[in-house]
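Let's take a walk through this fold, one piece at a time. Keep the viewer open and follow along as we go.

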Amino acid sequence: MTRVEVEYCVPCGMLNRAQDVAGAILQQFGEEIDEVSLVTGDNGVFVVRADGETVFDKTEDEFDVDAIVRSVRPYVGASA
C-alpha cells in the first residue's frame with residue numbers, strides 16, 4: 001500500500017500546512033493508503049513524497065492542497 005511523507009520546516013512554522021496536506025490526503029484516500037507521516041525538517045523544506053517519489057516540492061511547485069492530493073492519486077493502489 002501507499003506511504004506518503006510530508007516533510008516540513010519546523011522553524012518556518014509550516015506545521016499547519018503539513019497537517020492540512022496530511023488531513024486532505026487521509027480524507028480523500030482513507031483506507032486505500034497505508035500511512036501518512038509528518039517528518040520534521042528545516043531550511044525551508046516542504047516536500048511531499050509518495051512511495052519515496054517526490055510529488056511536491058515548494059521550491060518547484062505552487063502550494064495547492066488539492067493539486068498535491070491529485071499528485072498522490074497515481075500512487076494509490078499502485079503498490080502491491
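Before we start, one term: a residue counts as buried when its relative accessible area is under 20%, and as exposed when that value is over 50%. Keep in mind, too, that this is a predicted model.

Start with strand β1, residues 2-9. Of its 8 residues, 6 are buried, so the rest of the structure largely encloses this strand. What does β1 pair with? One partner is strand β2, residues 33-41, which runs parallel to β1 and is joined to it by 8 bridges. Another is strand β3, residues 46-50, and here the pairing is antiparallel, with 5 bridges.

A handy residue to click on is E5. In β2, the residue opposite E5 is S37. Turn to β3, and the residue opposite E5 is R49. So what sits between β1 and β2 along the chain? That's where helix α1, residues 15-29, comes in: β1, α1 and β2 together form a β-α-β unit, and its hand is right-handed.

Now follow β3 onwards. Like β1, this strand is well tucked away, with 4 of its 5 residues buried. β3 also pairs with strand β4, residues 53-57, in the antiparallel sense, this time over 4 bridges. Go back to R49 for a moment: its bridge partner in β4 is T54. Further along the pairing, V47 has D57 as its bridge partner in β4. The two strands make a hairpin with 2 residues between them, and in that hairpin D51 takes a positive phi near 50°.

That leaves the helices. How do α1 and α2 lie relative to each other? Helix α2 covers residues 65-72, and its axis comes within 10 Å of the axis of α1, with the two crossing at roughly 50°. Angles from 65 to 115 degrees would be roughly perpendicular and angles under 35 degrees roughly parallel, so this crossing makes α1 oblique to α2. The crossing is right-handed.

Which residues meet where the helices come together? From α1, it's D20, V21, A24, I25, Q28 and F29; from α2, it's V65, I68, V69 and V72. Try selecting both groups at once, and you'll have the contact between the two helices picked out on screen.

Methods. Residues numbered from 1 in each chain as written. Predicted model: local features only at pLDDT ≥ 70, side-chain atom pairs only at ≥ 80, totals over all residues. Heavy atoms only, no water. Buried < 20%, exposed > 50% of the residue type's maximum accessible area, 1.4 Å probe, protein only. Pairing = 2+ DSSP bridges. Right-handed = clockwise from strand over helix to strand, strands pointing away. Axes fitted to C-alpha atoms, helices over the stretch in contact; angles between N-to-C directions. Parallel < 35°, antiparallel > 145°, perpendicular 65-115°, else oblique. Left-handed = near helix turned anticlockwise from the far one by under 90°. Contact = heavy atoms within 4.5 Å.
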